[in-house]
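Trainee: I would like to go through this chain piece by piece. Can we start with the overall fold and end with single residues?

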Amino acid sequence: MTDDRIVKVVREVFDLRPFAIIRDLDLLHPIYRPTATYGHFGRAPYALNGATAFSWERTDRAESLRAALS
């Protein structure tokens with residue numbers, strides 16, 4: 001797989017405009033204290049509005065990436 005192909009697919013699957021990044025990672029609702037408290041690794045995920053993982057840990061686009069790369 002070439003770097004150019006990976007870049008093309010990432011640009012297809014992810015909206016990398018600043019507002020989209022803010023929206024997708026829910027950066028308007030910072031969770032610094034819950035993220036930093038007691039360390040990040042080896043504990044239950046932080047639940048916000050029914051989320052089961054931190055916004056940057058979600059794998060909801062993995063299948064889209066896999067499909068686009070195949």
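What follows is a set of questions and answers on this model.

Mentor: Two ground rules come before the questions. This is a predicted model, where local features need pLDDT of at least 70, side-chain atom pairs count only at pLDDT 80 or more, and totals for chains, interfaces and linings use all residues. Residues are numbered from 1 along each chain as its sequence is written, and side-chain values use heavy atoms, with hydrogens and water left out.

Trainee: Which pattern does the chain follow along the sequence?
Mentor: Start from the secondary structure: four helices and zero strands. Helices (H or I, at least four residues) and strands (E, at least two) are DSSP runs, numbered from the N terminus. Read along the sequence, the pattern is α-α-α-α.

Trainee: What percentage of the residues is buried?
Mentor: Take the cut-offs: buried means under 20% relative accessible area, exposed over 50%, partly exposed in between (1.4 Å probe, protein chains only). The chain has 70 residues. Of these, the buried share is 13%.

Trainee: How much of the exposed area do carbon and sulfur atoms supply?
Mentor: Accessible areas come from the Shrake-Rupley method with a 1.4 Å probe; for residues, only the protein chains shown count as cover. The chain exposes about 5,800 Å². The part from carbon and sulfur atoms is 61%.

Trainee: Among contacts between residues at least 6 apart in sequence, what percentage joins residues at least 24 apart?
Mentor: Contact means heavy atoms within 4.5 Å. Pairs at least 6 apart in sequence form the base of this count. Those at least 24 apart make up 44%.

Trainee: Which residues form a nonpolar patch on the surface?
Mentor: Patches are made of residues with over 30% relative accessible area and no salt bridge: like charges are joined within 9 Å, nonpolar side chains (Val, Leu, Ile, Met, Phe, Trp, Tyr) within 5 Å. This patch has about 450 Å² of accessible area together. One member sits in the loop between helix 1 (3-13) and helix 2 (18-24), namely L16. The full set is L16, I21, I22, L27 and L28.

Trainee: How many salt bridges does a search of the whole structure find?
Mentor: Side chains of opposite charge can pair when their charged atoms come close. A salt bridge is a side-chain nitrogen of Lys or Arg within 4 Å of a carboxyl oxygen of Asp or Glu. The search of the whole structure finds six.

Trainee: Which residue meets E12 in a salt bridge?
Mentor: E12 is in helix 1 and is partly exposed because its relative accessibility is 48%. Its partner lies four residues away in helix 1, so about one helical turn separates the two. That partner is partly exposed as well, at 47%. The N to O distance is 3.0 Å, and the residue is K8.

Trainee: What distance separates the C-alpha atoms of E12 and S64?
Mentor: E12 and S64 are 52 residues apart along the chain. Their C-alpha separation is 9.5 Å.

Trainee: Is D24 buried or exposed?
Mentor: D24 is found in helix 2. Leaving aside neighbours within four places in sequence, D24 is in contact with D15, S55, R58 and R61. Its relative accessible area is 16%, so D24 counts as buried.

Trainee: What N to O distance does the salt bridge between R23 and D24 have?
Mentor: R23 is partly exposed, because its relative accessible area is 44%. The side chains of R23 and D24 meet in this salt bridge at 3.0 Å.

Trainee: Which residue forms a salt bridge with D60?
Mentor: D60 counts as exposed, because its relative accessibility is 55%. Its partner is partly exposed, at 41%. The closest N and O atoms are 3.9 Å apart, and the partner is R58.

Trainee: Which residues do salt bridges with shared partners join into one network?
Mentor: D24 meets one of the others in a salt bridge of 3.0 Å. The network consists of R23, D24 and R61.

Trainee: Which residues does L25 touch, not counting those up to four places away in sequence?
Mentor: L25 lies in the loop between helix 2 and helix 3. L25 is partly exposed, because its relative accessible area is 29%. The C-alpha atoms of L25 and R58 are 9.4 Å apart, with their positions 33 residues apart along the chain. The residues touched are S55 and W56.

Trainee: What phi does D26 have?
Mentor: D26 is in the loop between helix 2 and helix 3 (32-36). D26 counts as partly exposed, because its relative accessibility is 29%. D26 is not a glycine, yet its phi is positive, about 55°.
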